[in-house]
Amino acid sequence: MKLVVQVKLLPTPSQASALASTLHACNQAASWVAESAFKQKTFRNFALRKHTYSEVKARWGLGAQAAQHVIKKVADAYTALLANSRAGNLGRPGSSRHRRATEKPLAFRATAAQPYDDRMLSWQTDSRTVSIWTTAGRLKGMSYTGSPTQLEMIAAHRRGESDLIHRDGSWYLAATCDVPEAIPNVQPADFLGVDLGIVNIATTSDGEIMAGRRLNRLRKRDRDVRTKLQRKGTRSAKRRIQRRRRKEARRTRDVNHKIAKHIVAEAERTGRGIGLENLTGIRERVRLRKPQRAMVHTWAFAQLGDFIAYKARRAGVPVVYVDPAYSSRSCSRCGHVDKANRVSQARFACRSCGFVDHADRNGSRNIRARALMLWRSGAQSPAPAVPHQRDGRTRTAHHTQ
């Protein structure tokens with residue numbers, strides 16, 4: 001299983017200047033290659049290399065490997081653009097959004113990430129330093145740091161390319177690690193149903209509720225501050241908006257990591273699998289009032305589901321995705337389905353047998369029962385589409401018994 005581990009570089013001022021010059025040169029070259037590809041309607045990597053490789057090396061002083069990675073980055077970006085267009089992620093063909101994305105060549109930011117392979121970047125894990133190629137020559141002995149888990153994973157499992165990233169004045173390397181998976185548990189004793197929500201981020205069939213009150217309160221505060229800054233409209237206000245956006249994303253990612261880790265650990269400890277809802281396309285299916293739209297569109301259910309899935313694979317815990325239809329209206333005790341069963345957001349009361357429970361807890365038990373039935377029947381469990389790391393194309397995984 002491939003994971004991406006990010007560590008922070010600690011360059012000296014002169015090393016940071018060389019890294020910045022390299023990143024700017026690579027992205028200027030990438031923008032020129034993207035414009036050439038758009039004019040010639042040539043978007044494949046090797047075909048594009050024939051037209052641009054020599055000039056990229058001569059004009060921007062890039063090495064052979066760096067020039068090839070620049071061209072491949074452009075080809076991958078156009079592949080991702082085509083995939084998003086076909087999937088309808090850019091709006092309807094002919095719409096203004098679709099035209100803006102497809103009727104002009106791609107352009108790369110001056111600080112966009114640049115991929116490095118082992119010929120351009122070598123790791124000295126014992127001394128926690130790297131030797132990295134730049135347009136000013138090779139920089140040796142550049143220190144990096146990270147958490148003990150990150151450093152251990154890079155030392156033991158790093159394979160393939162790494163990306164050089166400049167963000168908020170700091171330098172990072174995102175390294176690809178090939179981590180072995182645990183032996184899967186093919187005979188789980190039961191399943192742990194997980195109901196994902198906004199008010200309560202996750203509720204398990206064991207009755208445990210991970211409340212999202214604090215996270216939602218912080219999101220609302222950030223949204224209000226972002227609205228004020230957008231009205232102001234100055235350059236410094238726009239910079240502050242970007243910083244707050246990244247801070248909010250980091251906070252959400254941290255909460256989701258902790259919840260996913262706890263759920264997977266509990267399932268592994270008890271020898272159970274995990275049942276999740278397949279919520280793909282839920283934003284397009286539901287109709288919401290205007291005050292609810294911002295809250296739903298900032299709901300990071302896909303990220304939490306991905307975190308649970310990959311942590312479960314590392315632990316050997318099977319994951320089954322079930323259809324969530326009517327799981328909030330069905331009684332987990334007698335199976336009666338009625339819209340009136342859902343008395344309020346938090347309260348469930350069955351109109352048939354009188355069973356009363358927390359609504360999310362009742363939903364998680366329905367998910368657990370469906371996952372167990374699906375596993376025992378050996379039917380396919382369609383998982384949400386997972387994007388590839390480079391080209392943005394999607395694939396659909398199927399979990400079977």
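Q: How far apart are the closest N and O atoms in the salt bridge of Arg 272 with Glu 266?
A: In this predicted model, side-chain atom pairs count only at pLDDT 80 or more, local features need pLDDT of at least 70, and totals for chains, interfaces and linings use all residues. A salt bridge is a side-chain nitrogen of Lys or Arg within 4 Å of a carboxyl oxygen of Asp or Glu. For Arg 272 and Glu 266, the closest N and O atoms are apart by 3.9 Å.

Q: Which residues are joined into one network by salt bridges that share partners?
A: Residues are numbered from 1 along each chain as its sequence is written, and side-chain values use heavy atoms, with hydrogens and water left out. Glu 266 also forms a salt bridge with Arg 269, and Arg 272 meets Asp 206 in another (2.7 Å, N to O). Arg 272 and Asp 206 lie 66 residues apart, in distant parts of the chain. The network joins Asp 206, Glu 266, Arg 269 and Arg 272.

Q: Is Arg 272 buried or exposed, and with what relative accessible area?
A: Buried means under 20% relative accessible area, exposed over 50%, and partly exposed in between (1.4 Å probe, protein chains only). Asp 206 is partly exposed at 44%, and Arg 269 is exposed at 62%. Arg 272 is buried, its relative accessible area being 11%.

Q: By about how much are Glu 266 and Arg 269 separated in helix α7?
A: Helices (H or I, at least four residues) and strands (E, at least two) are DSSP runs, numbered from the N terminus. Glu 266 and Arg 269 are three residues apart in helix α7, so their separation is about one helical turn.
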